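Work through the exercises below with the sequence and the 3D structure open. Try each task before you read its solution.

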Amino acid sequence: MAINRNKSRIAVLSVLLSFFLLIGSGCSVKLISDYDEVIDKSVTELQKKVEAFLIKMEGSAGSSEGEYINNRSFYNEARVEISAMRVRAEAIPENKITVQHINEIEKNIENLRLLHEKRGQKGLTKDLIEPVRAIINIQFKAMLTLEFAKKHGK
């Protein structure tokens with residue numbers, strides 16, 4: 001019995017010693033990816049394009065220039081840019097949170113597209129655009145805040 005008790009103590013001490021050596025060696029568990037300048041710049045550029053589009057739509061609601069059919073190219077271009085960001089973000093280990101932010105931005109751009117399509121010739125009026133702008137900008141800010149935190153090691 002004393003031999004088994006000594007073996008148990010030795011095993012526990014070995015595990016504890018290994019644990020303390022790991023901590024002391026500076027080994028750390030990485031929970032999130034490092035800062036990515038390309039993602040940072042891509043998000044900023046997409047936000048500017050979305051804002052420019054919303055301003056254009058506010059000024060052209062009710063005209064042919066504001067109709068959904070004449071603005072489908074914006075949505076296609078946004079989907080391409082979002083897809084490129086997602087592929088890059090997914091290729092970086094420990095980048096799940098960034099991918100989630102990209103997915104949320106994509107969902108709301110799609111919701112904007114569906115609203116615009118439904119409105120057809122009426123286009124997007126300022127009263128419709130304001131809440132959309134607020135939601136999308138919250139998502140852009142959240143994503144940029146995450147990248148800035150990564151950049152500064154927070």
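**Exercise 1: Two helix axes**

The axes of helix 2 and helix 5 come within 10 Å and cross at roughly 170°. The model is predicted, so local features need pLDDT of at least 70 and side-chain atom pairs pLDDT 80 or more, while totals for chains, interfaces and linings use all residues. Residues are numbered from 1 along each chain as its sequence is written, and side-chain values use heavy atoms, with hydrogens and water left out.

Task: state how helix 2 and helix 5 are oriented to each other.

Solution. Step 1: recall how axes are defined: lines fitted to C-alpha atoms, for helices over the stretch in contact, with angles from 0 to 180 degrees between N-to-C directions. Step 2: apply the classes: under 35 degrees is roughly parallel, over 145 roughly antiparallel, 65 to 115 roughly perpendicular, and the rest oblique. Step 3: helix 2 and helix 5 are therefore roughly antiparallel. Step 4: check the contacts (heavy atoms within 4.5 Å). Residues of helix 2 including Leu 46, Val 50 and Leu 54 meet a set in helix 5 that includes Ile 136, Phe 140 and Met 143.

**Exercise 2: The span of helix 5**

Task: compare the expected span of helix 5 with the distance between its end C-alpha atoms.

Solution. Step 1: helices (H or I, at least four residues) and strands (E, at least two) are DSSP runs, numbered from the N terminus. Step 2: the expected span is 1.5 Å times one less than the number of residues. Step 3: the 26 residues of helix 5 should therefore span 38 Å, and the end C-alpha atoms are 36 Å apart, which agrees. Step 4: look past the end of helix 5, where Gly 153 follows with a positive phi, near 65°.

**Exercise 3: Buried residues and the core**

Task: find which helices the buried residues of helix 5 pack against, and which helix gives the largest share of the largest nonpolar core.

Solution. Step 1: buried means under 20% relative accessible area, exposed over 50%, and partly exposed in between (1.4 Å probe, protein chains only). Step 2: among the buried residues of helix 5 are Ile 129, Arg 133, Ile 136 and Phe 140. Step 3: the buried residues of helix 5 pack against helix 2 and helix 4. Step 4: a nonpolar core is a set of buried Ala, Val, Leu, Ile, Met, Phe, Trp, Tyr and Cys residues joined through side-chain atoms within 4.5 Å. Step 5: the largest one has 26 residues, and Leu 46, Val 50, Tyr 75 and Ile 109 have the most contacts inside it. Step 6: helix 2 supplies the largest share of this core, seven residues.
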